[in-house]
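Subject: Structure for you to look at

Hello,

I am passing on the structure we talked about, with the sequence alongside. My notes follow below; please read them next to the coordinates.

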Amino acid sequence: MTDTTLILSRDMAASPSAVWRCLTEEDLLKQWFAPAPVKVTKAEIDASPGGIFHAVMDVPEMGEMDGGAGCVILAEPPARLIWTSALGPCFVPALPPGDGAFHFTAVITLDAIDTGTRYTATVLHADGAGRDAHAAMGFEDGWGAAADQLATLAATL
């Protein structure tokens, strides 16, 4: 069986509750969710099963990137948030992604540790091709930079 996951983990000097706020409050999500210099221009989240997870980004030299609204699968404050791009809000199946694109499911866990929170993003793909495409587009660097921005922001709350 092909491994279809990508995993990123960071220890953050902030409480799980502070990190949770950054994951689930739109104004906070906009401040960290894309690696600089990319900017999140729109964020919409309803952290309840069937709720919306949507972020629109402005990418320098590329313009607006809008993958459409995803669906929150599970929200267990302040420990776990799961959303997917394979479904839209209210669990409605999403249209197939365009060429070179892929759906994924993000499983975000926040574990309390002595120094704050261990943030782990486990990203599940339907197949190895989706995983490889996500890795090739810079998963480690992009999600890593965003996680570092999240840590910085959460530490101020």
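G50 sits in the loop that runs between strand 2 (39-45) and strand 3 (52-59). The model is a predicted one, and in it G50 is buried, with a relative accessible area of 10%. Leaving aside neighbours within four places in sequence, G50 is in contact with C71, V72, P89, C90 and F91. Its C-alpha atom and that of A151 are separated by 27 Å, and the two residues are 101 apart along the chain.

Two of the contacts of G50 are cysteines, C71 and C90, which leads to the disulfides. How many does a search of the whole structure find? The result is zero. C90 is in no disulfide, and the nearest cysteine sulfur, that of C71, is 7.3 Å away. A disulfide requires the two sulfur atoms to lie within 2.5 Å, so the 7.3 Å between C90 and C71 rules out that pair. C90 has a relative accessibility of 62% and counts as exposed. C22, in contrast, counts as buried, at 0%.

Next, helix 1. T24 belongs to this helix, which covers residues 16-24. At 17% relative accessibility T24 counts as buried, because the cut-off for buried is under 20%. The side chain of T24 reaches the backbone oxygen of W20 at 2.9 Å. Not counting residues up to four places away in sequence, T24 touches I45, A47 and L81.

Helix 3 spans residues 128-136, and its buried residues are G128, G130 and H134. These residues lie on the same side of helix 3, because they cover an arc of only 160° around the axis. The face turned away from that buried side carries the exposed residues A129 and A136. What do the buried residues of helix 3 pack against? Their partners are strand 1 (5-12), strand 9 (104-113), strand 10 (116-125) and helix 4 (139-154).

The ends of helix 3 are also worth a look. D127 caps the N-terminal end, with a side-chain oxygen 3.3 Å from the backbone nitrogen of A129. After the helix comes G138, whose phi is positive, near 105°.

One residue of strand 10 ties in with this helix. H125 is found in that strand and is buried, with a relative accessible area of 6%. The side chain of H125 makes a polar contact with the side chain of H134, at 2.8 Å. The H125 side chain also reaches the backbone oxygen of T4, at 3.0 Å. Residues up to four places away in sequence left out, H125 touches T4, L6, F102, H103, F104, G130, R131 and H134. G130 and H134 are among the buried residues of helix 3.

Last, the largest pocket. About 1,100 Å³ of space lies in it, and 41 residues line it. Which of them lie nearest its centre? They are M57, M65, F104, H134 and M137. F104 and H134 are also touched by H125. Helix 2 (26-32), strand 3, strand 4 (63-66), strand 6 (80-84), strand 9 and helix 4 each supply at least two residues of the lining.

Regards

Note on methods: Residues numbered from 1 in each chain as written. Predicted model: local features only at pLDDT ≥ 70, side-chain atom pairs only at ≥ 80, totals over all residues. Heavy atoms only, no water. Buried < 20%, exposed > 50% of the residue type's maximum accessible area, 1.4 Å probe, protein only. Helix = DSSP H or I, 4+ residues; strand = E, 2+ residues; numbered from the N terminus. Arc of directions from axis to C-beta. Contact = heavy atoms within 4.5 Å. Polar contact = N/O pair within 3.5 Å; in protein donor to acceptor, adjacent residues only side chain to side chain. 1 Å grid on protein atoms, 1.4 Å probe; cavity = no way out; pocket = protein on both sides within 12 Å on 5 of 7 lines; lining within 4 Å. Points joined across faces, edges and corners; volume = space filled by probe spheres on them.
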